[in-house]
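Subject: Handing over a structure

Dear colleague,

I am passing on the structure below, and I would be glad if you could read my notes alongside it.

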Amino acid sequence: MTRYLLRRLAFLVVSLVLASVVLFLLLRMLPGDPANALTSVGASPEQIAAARHSIGSDKPLPEQFTHWIGQLASGDLGTSFVSSLPVGPEVLARLNVTVPLTLAAFVLAVVIAVPAGFAAAYKRHTWYGALLSGISQLGIAVPVFWLGMILIAVFALNAGWLPAGGFPPDGWAQPAEAVRSLILPVVTIALVMSASLIRYVRSATLDVLDSDYLRTARALGSSFSGAMWRHGLRNASVPVISVLGMELASTLLGAVVVESVYALPGLGSFLATGISQHDYPVIQGVLFVSTLAVLVIGFAADLVQRIIDPRLRDRLSGGAR
Amino acid sequence: MSIKKTSVFSVATAAALAVTLTACGGGTGAGSASGAYDKNATVNIGSLYEPQNLDNTAGGGQGVTEALNGNVYEGLFRLTDDGKVEKLLAQDYKVSDDGLTYTFTLRDGVKFHSGKTLTSADVKYSLEKVLGKDSQSARKSNLEVVKDIATPDARTVKVTLSKKSISFVYNLSYVWIINSQAKNLKSTEDGTGPYKLNKWTRGSALSLDRFAGYWGHAAASKQVVFHYYKDATALNNALLTNAVDVVTSEQSPDALAQFKNNQNYKITDGNSTTKLLLAFNDKAKPFTDVRVRQAVSAAIDDKKLLESVWGGYGKLIGSMVPPTDPWYEDLTKVNAYDPAKAKQLLAEAGYKNGFDITLDTPNYDPHPTAATFIKSQLAKVGITVKINTITPDEWYTKVYQNHDFTATLQEHVNDRDLVWYGNPDFYWGYDNKQVQQWVAQSEEASTAAGQTALLKKVNRKTAEDAASDWLYLYPQIVVASSKLSGYPHNGLNSQFFAYDIKKTG
Amino acid sequence: MTGVQKTGQAPEETGRTPGTSSATPAKSVESAKQGARRSYTLIAGCVLAGLIVLLAAVSFVWLPYAPDDTSGTRLAAPGAGHLLGTDKLGRDLFTQLMTGSRIAVEAGLGSVLTAALIGVSLGVLSAFALGWLDDTLAAFLDILIAFPTLLLAMLIVAARSATLGSAVLAIGLAQSAVVARLVRILVKRVLAQDYITAARTSGTSWPRVVAGHVLPNIWPTLVVNLALQFGLAVLAEASLSYLGLGAPPPNASWGRMLQEAQATFTTAPAGALAPGVLLVLLVIGVNLIADGLRDTLDPTARRRRA
């Protein structure tokens with residue numbers, strides 16, 4: 001186990017560094033001039049040159065690279081080309097929106113999906129089992145932005161119960177407003193996420209219900225719930241946890257659309273702005289933090305799986321399901 | 001990045017309007033709304049234009065002008081509603097007979113937000129900042145006539161020009177007077193305006209608090225907060241749900257139906273100087289031929305386009321000059337919509353069977369919509385348009401810097417920007433020696449009348465030459481809660497004087 | 001997946017842990033019954049998706065109006081002249097929906113083909129590779145999967161400008177990671193079977209093993225997964241278009257239609273609802289096909305394996 005942990009950790013660091021270097025080079029290969037965000041129509045060639053100089057994009061690539069590596073080594077994510085503000089604190093500020101959003105949506109999705117998925121499997125021959133499966137089919141097919149549009153129209157514009165978007169300027173210093181402004185986005189993500197989770201939980205449960213060991217346990221006199229609790233849950237949760245890890249990671253990174261629909265100042269919208277302005281330090285900073293999060297979440301999911309299911313412990317990489 | 005951010009020119013309607021309202025307010029109260037307003041109110045302003053940083057000489061963009069100009073920072077002068085210049089931090093000024101030396105006397109008792117008193121050294125510093133090597137100010141090239149800045153005493157600034165510049169004082173209204181000792185101007189401020197910066201939360205909001213030490217009339221409301229949205233729908237939704245009290249510049253006319261005939265909202269349709277251009281590359285075939293440019297201009301039904309995009313708002317223009325510029329003339333009749341004539345002109349130019357062009361179209365509204373419309377219009381006279389959607393960044397490199405295009409769409413927000421036709425190296429490549437001469441002479445004219453007469457000639461000539469196709473003038477629509485009064489109606493996208501906004505209950 | 005959904009791949013086959021798929025005799029009657037019911041699923045899916053594909057196919061030969069005909073009254077309500085009304089340029093909404101269905105189907109097909117091509121190659125390679133290379137590939141795939149399609153699309157758009165091709169490339173690339181990971185697991189599972197070892201010891205070459213044993217064993221699961229990826233690709237393209245990163249105007253992509261109609265949701269709801277409904281129908285249709293396929297294909301696969 002220790003050996004596994006060490007290898008996994010070393011792997012995490014190496015991937016992170018590699019990903020960052022590749023990204024640095026990739027960004028510089030893209031067409032587009034980051035200085036353009038600073039100049040305006042009417043700018044003279046001198047002003048354009050001055051803009052390039054001020055952000056250092058006129059320097060040779062190796063020099064830019066060593067500068068950036070040096071910064072990173074000292075824990076500094078660099079300074080935005082456009083705002084001249086440090087990227088690190090900005091990323092943290094955005095995480096104040098994105099992390100609560102993602103986690104709340106994730107928890108809500110799990111709370112909906114686990115019982116619903118179980119019911120859909122256990123009661124699959126009843127009408128409500130079928131209905132649950134049907135609803136999850138529908139949920140998977142609904143684009144998240146469209147759901148957002150509809151929820152805004154119904155609950156914000158018509159009913160006036162919740163804000164249509166935005167986040168309080170003082171953030172969590174205004175806790176009530178902050179929570180209110182996250183309710184619809186959380187519900188939007190959770191509904192779509194739970195739709196696909198229901199299917200995973202349902203199929204994992206089906207596997208367990210069909211399994212020999214459950215039948216054996218029942219034959220040996222265990223009550224259904226007892227057998228389910230002792231054997232079923234553990235076996236069903238292994239594949240589900242792997243999926244959960246993936247969902248959590250990609251939601252964290254993929255909240256751009258929801259942030260766009262609800263005008264939330266999260267990590268996704270920060271990244272989107274960064275990309276549209278070719279603000280390389282911002283793109284690099286956000287992606288560095290996100291890659292770290294993905295790797296750590298993957299690691300954690302793997303670890304949990306191993307703790308639940310000892311059979312997996314001799315395996316190195318966790319991805320296999 | 002938005003190209004629009006360059007709107008340094010702004011109609012200072014707000015200023016004049018504001019002055020009137022304040023005057024009345026000081027008396028017995030101007031109307032019911034402003035009579036009993038809440039002095040401790042927070043006014044929430046919704047906008048699409050977040051500053052990139054807080055320094056207007058470092059690429060702060062359109063948003064920084066909107067939020068800070070006149071509110072946080074003030075110039076020696078400011079523009080009034082009808083485009084005239086009004087003294088602000090300059091109490092008085094004198095021009096020498098040769099028109100080369102300007103002597104400004106500063107207003108007494110002006111304090112920066114940091115507490116320091118305004119002196120001539122700050123004015124010198126501020127001007128030099130605009131002219132500096134790293135300056136991204138859009139005014140830089142106009143102010144480069146400044147040869148020397150002297151400060152004989154703490155309240156006097158003496159500026160010597162290298163040649164006459166009739167627009168000098170006008171241009172000074174875009175120069176913020178900043179404390180010469182201020183630091184970190186990209187994320188903080190030190191101006192003299194009625195509001196001081198409270199907090200800027202990037203990606204979300206910028207809040208301003210009333211400055212107790214302001215030299216003039218104190219700001220009407222205790223606090224104003226600019227809330228930033230990335231798209232017009234989210235912004236309108238915010239207004240509909242009372243998250244904001246006013247939208248600085250409505251960009252989604254279709255949404256106006258929600259506010260019309262609703263007593264909770266007021267819609268004002270002010271003057272704008274933002275023009276939508278179909279800019280030809282006048283140096284590239286087939287647009288080297290004036291007849292082709294005229295034909296394209298005549299083939300597009302601008303009225304229908306305006307109706308499609310803005311649904312009854314906005315105005316038609318026949319040239320680069322909006323009605324608020326002193327040299328405005330109605331030239332909509334020149335190269336007016338006439339598909340038959342367009343076909344005839346094309347035949348004369350040797351394009352009887354039309355031709356194919358690529359239209360470089362910025363990817364944000366209204367450009368894609370306009371491009372779609374133009375494509376269908378030009379198809380009727382045999383011209384096949386391929387729409388090439390590009391990002392603002394691409395536009396800037398490909399079209400603006402490299403002149404690598406045939407035709408493009410772009411909005412130009414500045415007033416008085418007709419003079420760009422006097423620069424043959426500008427992206428559209430309009431090269432007419434006579435026009436260049438007129439433009440140069442107009443700047444050195446001794447009187448405003450002389451300047452106006454020359455620029456009128458430029459206006460007519462460029463219109464007749466169809467140097468570009470000026471599709472329409474944007475409307476300037478402000479939608480506000482009926483609880484609000486005293487907000488600027490014409491304040492362009494880039495300028496939004498907030499200090500006289502009053503909110504009831 | 002919030003932004004652009006892609007991880008929701010076929011749960012019912014990847015979710016199965018090895019060894020739990022053995023059907024007991026008692027269940028076979030029920031399986032048969034289920035099979036019959038599931039073929040209805042297939043039919044329902046084919047009807048729904050077929051409807052949209054038909055719409056797309058017809059759009060090539062006939063449209064109610066020319067796609068760029070702006071002669072209608074702007075934002076006309078649904079009625080006789082315009083079945084679903086018009087958009088703000090006066091273009092017929094139904095016409096746009098039809099050309100939009102074309103883009104949706106093209107996006108789905110293009111992405112899935114890209115994903116299959118790259119994904120299967122990478123997956124097989126990874127499955128055959130040993131030790132660190134396999135680990136590295138697996139981890140690389142994990143990172144790629146967790147990365148939003150959207151981000152990839154933004155970068156590709158930044159490099160190639162916004163076209164349907166850019167969007168398809170981005171979606172295809174992102175999905176190829178999912179496909180590759182699935183293929184890797186499936187192939188490994190097959191390679192662990194005794195008969196492969198037997199075949200190898202009897203001197204069968206690797207290419208023949210792949211062609212003769214591996215591919216026949218994995219294709220049912222693969223096809224089902226690709227069908228699901230099709231639906232996800234359609235959703236992804238809509239999201240990208242919604243953000244202005246998909247097919248540029250004047251092409252009518254459902255995602256962009258929805259984005260444009262958002263401003264008039266309350267005043268002219270047809271434009272903000274119709275594209276969404278078609279989108280949902282198409283995706284449900286394709287997902288039902290995937291479900292149906294699994295139940296017709298997988299039992300045979302299982303029987304063969306057993």
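Please keep in mind throughout that this is a predicted model. For chain C, an unreviewed UniProt entry places the feature "transmembrane region" at residues 40-65, 107-130, 137-158, 164-183, 222-245 and 265-290. In the model, residues 40-65 of chain C are 85% helix and 0% strand, and the C-alpha atoms at the two ends of this span are 36 Å apart. The span 222-245 of chain C is 88% helix with 0% strand, and there the end C-alpha atoms lie 29 Å apart.

Chain A has a comparable annotation to look at. Its unreviewed UniProt entry gives "transmembrane region" at residues 9-30, 101-122, 134-162, 182-201, 238-262 and 282-304. I looked at two of these spans: residues 9-30 of chain A are 95% helix and 0% strand, with 32 Å between the end C-alpha atoms, while residues 182-201 of chain A are 100% helix and 0% strand, with end C-alpha atoms 26 Å apart.

Turning to the nonpolar cores, the largest has 257 residues, and the members that touch the most others are A153(C) and V234(C). The element that gives the most to this core is helix α6 of chain C (residues 164-191), which supplies 17 residues. Another core, of 62 residues, lies apart from it and includes L378(B), Y400(B), V458(B) and L471(B). As for V234(C), its contacts beyond the neighbours within four places in sequence are A104(C), A107(C), G108(C), L279(C), L282(C) and V283(C).

Chain B also holds an open sheet of four strands, in the order β4-β5-β7-β6, whose pairing is antiparallel. Its edges are β4 (90-95) and β6 (146-153) of chain B, each of which pairs on one side only, and from one strand to the next the twist averages 20 degrees. Between β6(B) and β7 (residues 156-161) of chain B there are five bridges in the antiparallel sense, and T156(B) in β7(B) stands opposite D153(B). Across β5 (101-106), β6 and β7 of chain B lies helix α4 (residues 120-131) of the same chain, which runs at about 165 degrees to β6(B).

Finally, the contact between chains C and B takes 19 residues from chain C and 22 residues from chain B. On the side of chain C that touches chain B, seven residues are nonpolar, eight are polar and four are charged.

With best wishes

Terms used:
Residues numbered from 1 in each chain as written. Chains lettered and ligands numbered in written order. Predicted model: local features only at pLDDT ≥ 70, side-chain atom pairs only at ≥ 80, totals over all residues. UniProt positions renumbered as here; feature names shortened; annotations may be inferred. Core = buried A, V, L, I, M, F, W, Y, C linked by C-beta atoms within 7 Å. Buried ≥ 20, exposed ≤ 12 C-beta atoms within 10 Å, placed from the backbone. Contact = placed C-beta atoms within 7 Å. Pairing = 2+ DSSP bridges. Axes fitted to C-alpha atoms, helices over the stretch in contact; angles between N-to-C directions. Nonpolar A, V, L, I, M, F, W, Y, C, P; charged D, E, K, R; others polar.
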